[in-house]
Amino acid sequence: MGITTSWFRLFIIIFGLLVLSCQCRNLDMFQDTLGHIKSRTSPEIQAKAAKDVAERLLGKEISKMFIMMLDTDLGPVGKDTFKITKNPLGEIEIRGTSGVAITWGLHHYLKNYCNVHISWDGTQIALPNTLPEVYIKVISNDRFRYYQNVCTVGYSSAWWQWQQWERNIDWMALNGINLALAFTAQEAIWQRLYQELNLTKEEIDEHLGGPAFLPWARMGNIRGFGGPLSSNWHNHTIRLQHQILRRMRDLGIVPVLPAFAGHVPRGFARLFPNANMTKIDPWNKFEDKYCCPYLLEPTDPLFRMIGERFLRMYIDEFGTDHIYNCDTFNENEPSNNELIYLRNVGYSVFSAMNAVDSKAIWLMQAWLFVHDITFWTKSRVRAFLTSVPTGRMLVLDLQSEQFPQYGRLKSYYGQPFIWCMLHNFGGTLGMFGSAQIINQRTFEGRNMNGSTMVGTGLTPEGINQNYVIYELMNEMAYRHAPVDLDNWFESYATRRYGAWNEYAVAAWRHLGRTVYNFIGTQKIRGHYVITRRPSLNISSWIWYDRKNFYSMWNVFLKARYGRGNNTLYRHDVVDITRQALQLMADDIYVTILDCYNKKNITAFRSSANALLELFDDLESILASGSNFLLGTWLAQAKDMAVDEEERRSYEYNARNQITLWGPNGEIRDYANKQWSGVMADYFKPRWELFLKALEKSLVQRTELNLTEINDRIFHEIEQPFTFSTKVYPIETKGDTIDIAMKIISKWFKGESASSSLSSSLKSSSIKTC
């Protein structure tokens with residue numbers, strides 16, 4: 001009896017160990033392939049880097065109240081963990097498994113226990129006299145928290161110098177980001193390689209794009225536009241990349257470096273006449289001068305040689321953390337749809353990495369599977385992805401909040417993926433977000449059968465907009481269940497403005513239920529009446545009630561009595577007022593069209609004047625906000641230059657990207673910015689010219705010549721704006737709240753007078769048709 005019981009107990013123990021072992025493998029199935037993608041910096045350096053972040057954020061004296069220690073054994077393998085306690089001396093002790101984890105823990109405490117808010121728009125830091133008690137341990141849900149889109153370095157950080165990068169890297173660490181794109185200076189390395197291959201200066205210059213257009217030159221979409229790049233640019237970016245990588249590595253953030261995707265200058269045809277190369281098709285109707293580099297055939301030995309030489313040179317200069325990104329088919333359809341070809345492309349790209357770095361991981365943006373879903377059938381995607389050993393490719397499911405592909409593609413056929421929120425295109429403004437989806441689908445993606453999800457990520461094309469939705473997304477990295485969104489938006493408003501305020505809370509709860517609760521599949525691109533080139537067929541659409549938004553605007557402004565001195569409140573007054581006027585412009589446009597079609601000249605003139613007045617009010621409110629100034633963007637661009645020729649080139653880059661986006665407006669207004677200066681000298685003049693032409697056709701009873709109008713808009717307004725050197729303010733003008741109150745009293749008469757736009761128009765003596 002005793003022997004039988006002993007054997008039974010032994011069996012239970014062995015069975016339990018086997019089950020536990022299986023569970024561990026299931027929880028961390030990619031440890032063998034991704035386990036080395038972590039910081040190799042010493043614990044002492046990481047802890048010191050985390051303390052430095054605290055000091056930059058809180059000041060030297062206050063930061064001494066936070067004791068920051070690194071403990072690699074604090075949490076499970078592959079999952080950053082932090083533990084926060086208060087010691088008998090009243091100090092807050094933060095232990096973490098990495099520099100990132102410690103810094104993330106600092107932010108977690110400040111945010112959730114001290115009502116602190118840290119954002120792209122600014123910070124609100126007012127600590128209590130006695131630091132609150134705390135005892136908490138937080139374990140990340142996944143291995144990675146990823147940050148950046150390959151386009152972000154064009155739309156947001158093109159002109160950043162070290163001061164801006166330092167703040168950005170601090171923000172990454174405070175939000176737990178442990179994997180981030182680090183693409184700076186690759187053109188300097190490419191130039192070295194091209195020179196070694198004996199390409200001429202002209203051949204190099206016609207290939208490398210200008211500073212504001214580098215992402216698309218890197219992906220083979222365009223070539224040469226906005227260039228050439230100077231030796232000053234190359235030298236500066238090399239120094240900057242060393243600073244960026246040193247700080248990221250010190251904090252324990254793993255940088256993702258560039259690799260060879262296959263795109264080469266046209267000069268390769270002279271150097272390698274026997275190489276198998278294909279001319280890439282035009283992208284967005286760019287003319288031949290600026291489009292269509294060559295794509296090396298992956299099976300050609302030259303592909304492997306170029307890929308290896310570039311990566312070796314880059315690693316020799318900057319070191320490596322064994323993870324690389326390149327995108328061969330970003331909005332470029334493959335010339336061959338055969339499965340063997342697609343398999344060879346994937347195999348060749350990875351082989352070039354692996355030959356240089358036997359631990360290489362290929363990080364790939366999965367945008368191609370969204371952008372060209374017709375081409376990328378399941379069988380083609382499978383051929384492409386499975387050409388790389390399982391676990392050696394890490395896929396960014398780039399727009400999981402709207403067009404997730406991980407379900408359609410069976411968790412990327414076994415390759416690990418990161419659930420990403422893209423959210424923004426072109427760095428445009430316009431309040432928008434999908435809070436409910438983010439609050440649910442991250443958990444669904446992680447828990448679905450056969451899931452290979454290993455992280456969450458932020459992949460916006462541009463930042464410095466709609467911060468609230470990014471704050472929510474960041475929390476999905478550690479939360480174990482969806483949040484109560486009403487309570488979450490209330491807490492957000494309280495932190496952001498430093499205290500609970502009934503009007504601010506009511507406004508943000510409303511925004512959370514409406515503006516930030518988009519659940520459709522329509523493509524939101526920041527294109528509205530005020531930012532689009534004038535025409536007779538603009539279709540404006542929103543997913544929430546305009547009248548209720550105007551009422552919310554009115555309620556939000558009542559918070560000025562308690563929160564009026566808060567800089568983030570003032571920032572949001574600008575943004576919400578801008579949004580309200582943007583919506584009103586959409587409705588005025590509808591009235592203008594109606595009046596024009598009915599040939600009601602008097603009412604047409606009244607509505608046209610109202611729209612132009614609205615542009616003036618937009619310019620006024622935007623000029624009062626430090627984050628809404630064209631002058632800042634242009635000054636940053638010019639500050640990168642060392643001579644007048646560079647200054648002119650960089651200013652043209654900066655102006656063109658946010659307007660014409662191409663020499664002839666190839667993707668006009670894709671990256672438009674609702675900024676002071678742009679509103680007055682670009683958006684309004686276009687509409688002024690267009691409305692005058694409409695009025696002339698009504699008065700003279702002549703047919704409207706839209707071709708002539710568009711030609712005039714281009715030659716008289718759009719193109720001259722890109723070449724202009726007019727200097728714009730880098731300081732604000734006017735008091736935000738005073739200006740907002742004048743605007744709302746002009747355009748919105750409140751609930752008692754009806755919050756509909758038609759009522760506002762009538763009260764402003766604007767005729768309706």
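## A tour from the domain 2–domain 3 interface

Start at the interface of domain 2 and domain 3, where the rule finds zero salt bridges. Keep in mind while looking that this is a predicted model.

**Setting up the domains.** Colour the protein by its domain assignment: residues 35-139 for domain 1, 144-479 for domain 2 and 600-747 for domain 3. Domain 2 and domain 3 have centres, taken over C-alpha atoms, that are 32 Å apart.

**The interface.** Display domain 2 and domain 3 together and pick out the residues in contact: 32 belong to domain 2 and 28 to domain 3. The two domains bury about 2500 Å² between them, and carbon and sulfur atoms give 62% of this area. Now select Y155, W159 and L429, which supply 30% of the area that domain 2 buries against domain 3, more than any other three residues.

What crosses this interface in the way of polar contacts? The rule finds 10 residue pairs in polar contact between domain 2 and domain 3, both residues of each pair being at pLDDT 80 or more. On the domain 2 side, select helices α6 (152-155) and α11 (231-251), each of which supplies at least two of the residues that touch domain 3. Which of the elements gives the most to this side? The answer is α11, with three residues. Colouring the domain 2 side by residue class gives 16 nonpolar, 13 polar and three charged residues.

**Upstream of α11.** Go next to P228, in the loop between α10 (214-218) and α11. Show the backbone here: the peptide bond that leads from G227 into P228 is cis, and its omega is near 5°.

**A three-stranded sheet.** Move on to the open sheet with the strand order β10-β12-β11, in which the pairing is antiparallel. Its edge strands are β10 (263-264) and β11 (277-279), each pairing on one side only. Zoom in on β11 and β12 (residues 294-296), which are joined by three bridges in the antiparallel sense. To see one residue pair, select T278 and L295 of β12, its bridge partner.

**A salt bridge between helices.** The search of the whole structure gives 46 salt bridges. For one of them, select R309 and E196, whose side chains meet at 2.7 Å, N to O. Why is this pair worth a stop? R309 sits in helix α13 (residues 301-318) and E196 in helix α8 (residues 186-196), so the salt bridge ties together parts that are 113 residues apart in sequence.

**The last stop.** Follow the chain from α8 into the loop that leads to α9 (201-205), and select N198 there. Is the phi of N198 positive or negative? It is positive, at about 75°, although N198 is not a glycine.

To finish, return to the full view with domain 2 and domain 3 coloured separately, and find Y155, W159 and L429 again on the domain 2 side.

Conventions. Residues are numbered from 1 along each chain as its sequence is written. This is a predicted model: local features need pLDDT of at least 70, side-chain atom pairs count only at pLDDT 80 or more; totals for chains, interfaces and linings use all residues. Side-chain values use heavy atoms; hydrogens and water are left out. Domain bounds come from an automatic or database domain assignment. Contact means heavy atoms within 4.5 Å. Buried area is the accessible area (1.4 Å probe) that two parts lose on being put together, summed over both. A salt bridge is a side-chain nitrogen of Lys or Arg within 4 Å of a carboxyl oxygen of Asp or Glu. A polar contact is a pair of N or O atoms within 3.5 Å; within protein, one must be able to donate a hydrogen and the other to accept it, and residues adjacent in sequence count only if both atoms are side-chain atoms. Helices (H or I, at least four residues) and strands (E, at least two) are DSSP runs, numbered from the N terminus. Ala, Val, Leu, Ile, Met, Phe, Trp, Tyr, Cys and Pro count as nonpolar, Asp, Glu, Lys and Arg as charged, and the others, Gly among them, as polar. Two strands pair if DSSP finds at least two bridges between them.
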